[in-house]
Amino acid sequence: MTTQRTGMQTFTIIWFGQLVSLVGTAMTRFALLVWAYDQTQTATTVALIGFANLAPLVLMSPVAGVIVDRFDRRKVMLFTDMGAGFTTLALYGLFASGNLQIWHVYVLMAATGAFEAFQSPAYTAASSLLMSQKHYARANGMRSVAEAGAQLFAPFAAAALLPVVGLGGVMLVDIATFMMAMVTLMVVQVPAPPPDAEADAITGWLAQLRLGFRVILARPGLFGLLLIIAGMNFADGLTYSSVLPGMVLGKTGGSETALAWVQAGLGIGGLVGGLLVSVFGLPRRQLHAVLAFAALSFILGDGQLAIGNSVWRWSLGGFSAAVFIPAVIAAQQTIWQRKTPPAIQGRVFATKNMLQPLLRPVGFLLAGPLADNVFGPALTDGGALAGTFG
């Protein structure tokens, strides 16, 4: 039975459930990264897990947008949480029976990515219906806090639980967090979007799928913003999300604690940045905020990670990179929400979610082979780069 709520109160309830779920998901992914690296000792394996998760998200996004705009956005989130929970349950069953293999992880991470393709545009489009535009930046800041909080606490929680309950126990915790997210969605209501005569006149799946592309291409500002974020996602896929875990584990003898500290640096930076956005908002010129904060993130963060050779230096680099990211994310998301009519936000945001990370899988595919076969050997004794960067 649902209770009628509106505005920030409803959003906060949904946000809390998603925060809990994000922590559980991040714990499982951390534990799986450690498990997969232990099996193969290669950065390529870790990078392919990220690729397997991201590729279906990109491919399924256009279809997801049509579904989000046609159906109750709260129910879309509810069913995707349920699907992701069953995916983790399948992983647990394979592990508990002693049958879990690397390819199982790839397949089930792909299924999780497919559910995320529906979850993200539904969450953002539902948020737009619950509040006025002046609260968009605050809400997007809160979402950044949730993502950063998960990145901060999940590695330590997983590292602490792994010696006690093992990979299976971590996955059971994740399943419980999905149930919490589903409960919070069951007790709220999200209003339907206002009618849009032009959008409602479009019939047929193919025309519905094309709508998101048409809207973005008709707005040069949004298309330019999309290209900027796509470039950032390529850099992320090439570094943070792919080879960074393998680099830390490889240089510390497979230390889960070392990797947890580095990811905690990223998480603390994101948490601090998200809190600042939630409290103080964004600069008036939000496109300038995207460019300026992204530049600071790459210069201060990537530089530390590139030249560092100790856990504290990597952690500092992670913090310096991540503290600016919530402002980048909140600013660009606020621009999209303000420039897109609510009735078509599902299709437009899903198209955005497909195109913005389109180069990220390329980064994942390049990262592992480059690290294992090119730059890794070049940086070792006698390598081409050993005298300069080794």
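**View 1. The largest nonpolar core and its best-connected members.** Of the 36 residues in this core, the ones touching the most other members are F30, W35, L91, V105, M109, L167 and V248. Keep in mind that this is a predicted model. Several helices chip in: α1 (7–40), α2 (43–70), α4 (102–130), α5 (136–186), α9 (243–251), α10 (256–280) and α12 (311–322) are the elements that each give two or more residues. The top contributor is α1, with nine residues. As a general backdrop, nonpolar side chains in soluble globular proteins tend to be buried together.

**View 2. Zooming in on F30.** Leaving aside residues up to four places away in sequence, F30 touches P155, A158, A159, E256, L259, A260 and Q263.

**View 3. A second core.** There's another nonpolar core, separate from the one above, made of 33 residues. Look for V68, M142, L152 and M182 among them.

**View 4. Helix α8 against helix α13.** Here residues 220–238 (α8) pack on residues 325–339 (α13), with an angle of about 155° and the axes 11 Å apart. Angles over 145 degrees count as roughly antiparallel, so that's what α8 is relative to α13. The crossing of α8 past α13 is left-handed.

**View 5. Side chains where α8 and α13 meet.** From α8 come L222, L225, L226, I229 and M232, and they meet V328, Q332, I335, W336 and K339 of α13. Sorted by type, the residues of this contact come out as eight nonpolar, one polar and one charged.

Definitions and conventions
Residues numbered from 1 in each chain as written. Predicted model: local features only at pLDDT ≥ 70, side-chain atom pairs only at ≥ 80, totals over all residues. Heavy atoms only, no water. Axes fitted to C-alpha atoms, helices over the stretch in contact; angles between N-to-C directions. Helix = DSSP H or I, 4+ residues; strand = E, 2+ residues; numbered from the N terminus. Parallel < 35°, antiparallel > 145°, perpendicular 65-115°, else oblique. Left-handed = near helix turned anticlockwise from the far one by under 90°. Contact = heavy atoms within 4.5 Å. Nonpolar A, V, L, I, M, F, W, Y, C, P; charged D, E, K, R; others polar. Core = buried A, V, L, I, M, F, W, Y, C linked by side-chain atoms within 4.5 Å. Buried < 20%, exposed > 50% of the residue type's maximum accessible area, 1.4 Å probe, protein only.
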